[in-house]
Amino acid sequence: MSTAMRYKSKLVNPEEKQDHEKQYVGFATLPNQVHRKSVKKGFDFTLMVAGESGLGKSTLVNSLFLTDLYKDRKLLNAEERINQTVEIIKHTVDIEEKGVKLKLTIVDTPGFGDAVNNTECWKPITDYIDQQFEQYFRDESGLNRKNIQDNRVHCCLYFISPFGHGLRPVDVEFMKALHEKVNIVPLIAKADCLIPSEIRKLKERIREEIDKFGIKVYQFPECDSDEDEEFKQQDRELKESAPFAVIGSNTVVEAKGQRVRGRLYPWGIVEVENQAHCDFVKLRNMLIRTHMHDLKDVTCDVHYENYRAQCIQQMTSKLTQDNRIESPIPILPLPTPDTETEKLIKMKDEEVSTICACASWMLELESRESLQGCPIEVVLRLPLLCPPVGSWGGGQG
Ligand code: GDP
């Protein structure tokens with residue numbers, strides 16, 4: 001509620017009220033203006049999923065966003081998987097909820113960790129993240145900086161197998177290769193394969209190993225001291241639950257008379273959205289409801305800034321070495337200008353030709369006898385009266 005409205009709703013004497021209204025300038029509406037503009041523009045978010053095949057990545061993404069993003073996916077058999085190299089596949093979907101639009105991009109990495117020899121299998125993934133930074137850096141330094149398409153990866157969900165005793169070497173390598181480039185959120189996949197005590201143990205083990213190997217996973221920001229107690233409690237629980245143990249399912253089952261997303265077993269039903277069964281709801285809340293903006297901020301202020309600083313440093317060191325400007329990023333062909341840019345170029349061309357025509361007309365007039373001895377300002381003002389381009393009649397006007 002704006003300050004003015006708050007004053008109106010209280011019983012204040014008319015003089016006092018007038019005084020307050022005099023002091024009300026109106027900048028209290030700024031948050032509303034920002035809100036309106038953001039809603040109109042819409043939001044975008046890019047989420048990467050990584051982990052070996054069969055850990056339930058696509059099922060979890062579909063459960064998170066209640067969409068079917070993998071309609072056209074071709075499933076490979078075991079033999080094909082061994083020979084498959086890591087691929088990067090992008091799926092984009094526009095979601096709208098209560099008038100708010102979200103352009104969601106899922107970057108999938110099929111083939112990761114599936115080979116017999118997984119040395120450097122994270123390379124195509126780090127290259128992809130760098131390419132997005134590079135494109136953003138290029139766009140930011142380009143002509144049209146207003147409408148930059150942000151394809152930077154804001155978060156990477158990394159799936160850890162529930163069948164191991166902690167992190168495998170490939171998990172450590174992957175996270176270490178990516179932790180300076182992207183916000184990594186590690187997940188224990190298929191948590192319904194473990195009993196609660198096993199989940200607790202595995203979580204503890206993974207936390208210890210993350211510390212031991214110096215892996216920097218995404219850190220949830222500190223809760224503001226003025227937040228209410230309920231929010232603080234939720235925040236504490238969120239931090240204690242990491243790494244989240246998740247379950248995904250694309251099927252709806254009936255549990256206690258209610259239809260829920262879950263997995264049906266002979267011994268009972270595992271509900272995806274039941275907080276006693278897994279951390280799916282915590283992950284979804286964190287990703288979508290509470291930390292999406294922070295994930296984007298960290299991407300922009302920390303990971304992208306690191307990349308940008310490195311780029312600029314390379315540029316300057318190259319410059320001092322070679323004593324000539326050479327960009328460390330390869331020069332790409334210029335994009336074809338859009339209609340707006342074309343219009344602008346045409347306008348500028350016309351301006352230049354008008355100036356040229358005026359200049360030649362002026363020189364001609366200057367050389368005329370009638371203007372000999374005329375004050376210089378009169379000669380300089382003449383182009384303002386000159387006819388439009390195209391109607392120049394050989395200086396006879
Ligand atoms: P991806 O290759 O990592 O994308 O894995 P998929 O999502 O295709 O899942 C592979 C198989 O695991 C499918 O048969 C899924 O039904 C199953 N699956 C997915 N999520 C879970 C889970 O949370 N628990 C269990 N038990 N199975 C799952």
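**Exercise 1. Helix 9**

Which residues are exposed on the other side of helix 9, away from its buried residues? Describe how the helix is placed in this predicted model.

*Solution.*
Step 1. Begin with the length. Helix 9 comprises residues 229–241, 13 residues in total. From its first C-alpha to its last it reaches 18 Å, close to the 18 Å expected at 1.5 Å a residue.

Step 2. List the covered positions. Asp235, Leu238 and Ser241 are the buried residues of helix 9. Because they cover an arc of only 130° around the axis, they lie on the same side of helix 9.

Step 3. Recall the general rule. An α-helix has 3.6 residues a turn, so residues three or four places apart point the same way.

Step 4. Turn to the other side of helix 9, where Glu229 and Glu240 are exposed.

Step 5. Identify the neighbours. The buried residues of helix 9 pack against helix 8 (196–212), strand 6 (244–245) and helix 10 (280–290).

**Exercise 2. Two helices with contrasting cover**

How many residues are buried in helix 3, and how many in helix 7?

*Solution.*
Step 1. Check the span of helix 3. This helix, residues 30–41, should span 16 Å at 1.5 Å a residue, and its end C-alpha atoms are 17 Å apart, which agrees.

Step 2. Count the buried residues. Among the 12 residues of helix 3 the count is zero, and the helix is hardly covered. Just after helix 3, glycine 42 takes a positive phi of about 85°.

Step 3. Repeat the count for helix 7 (residues 169–178). Seven of its 10 residues are buried, and the helix is mostly covered. Those buried are Val170, Asp171, Val172, Phe174, Met175, Ala177 and Leu178.

Step 4. Locate what covers them. The buried residues of helix 7 pack against strand 1, helix 6 (123–140), strand 4 and strand 5.

**Exercise 3. The six-stranded sheet**

In what order do the six strands of the open sheet lie, and which strands are at the edges?

*Solution.*
Step 1. State the order. The six strands follow the order 2-3-1-4-5-6, with mixed pairing. Strand 2 (89–97) and strand 6 are the edge strands, each pairing on one side only.

Step 2. Find the antiparallel part. Strand 2 and strand 3 pair in the antiparallel sense over nine bridges. Here valine 93 stands opposite leucine 104 in strand 3. The hairpin of these strands has two residues between them, and lysine 98 takes a positive phi near 45°.

Step 3. Find the parallel parts. Strand 1 (residues 43–50) pairs with strand 3 (residues 100–108) in the parallel sense over seven bridges, and leucine 47 stands opposite isoleucine 106 in strand 3. Strand 4 (residues 155–160) and strand 5 (residues 184–188) are also parallel, with five bridges. Tyrosine 158 has proline 186 in strand 5 as its bridge partner.

Step 4. Add the helix that lies on these strands. Helix 8 lies across strand 4, strand 5 and strand 6, and runs at about 150° to strand 5.

**Exercise 4. The three-stranded sheet**

Why is one side of strand 7 and of strand 9 left without a neighbour in the sheet?

*Solution.*
Step 1. Establish the order. This open sheet of three strands has the order 7-8-9, and its pairing is antiparallel.

Step 2. Examine the edges. Strand 7 (252–255) and strand 9 (268–271) each have a single partner strand, so one side of each has no neighbour in the sheet. From one strand to the next, the twist averages 70°.

Step 3. Inspect one pairing. Strand 7 and strand 8 (residues 258–265) run antiparallel and are joined by four bridges. In strand 8, arginine 259 is the bridge partner of glutamate 254.

**Exercise 5. A single residue**

Is isoleucine 199 buried or exposed?

*Solution.*
Step 1. Place the residue: isoleucine 199 is found in helix 8.

Step 2. Apply the cut-off. Buried means under 20% relative accessible area. Isoleucine 199 has a relative accessible area of 13%, and is therefore buried.

Step 3. Name the contacts. Not counting residues up to four places away in sequence, isoleucine 199 touches Ala191, Leu194 and Ala245.

Step 4. Compare sequence with space. Isoleucine 199 and cysteine 278 are 79 residues apart in sequence, and their C-alpha atoms are 9.6 Å apart in space.

Technical notes:
Residues numbered from 1 in each chain as written. Predicted model: local features only at pLDDT ≥ 70, side-chain atom pairs only at ≥ 80, totals over all residues. Heavy atoms only, no water. Expected span 1.5 Å × (residues − 1). Buried < 20%, exposed > 50% of the residue type's maximum accessible area, 1.4 Å probe, protein only. Arc of directions from axis to C-beta. Contact = heavy atoms within 4.5 Å. Pairing = 2+ DSSP bridges. Axes fitted to C-alpha atoms, helices over the stretch in contact; angles between N-to-C directions.
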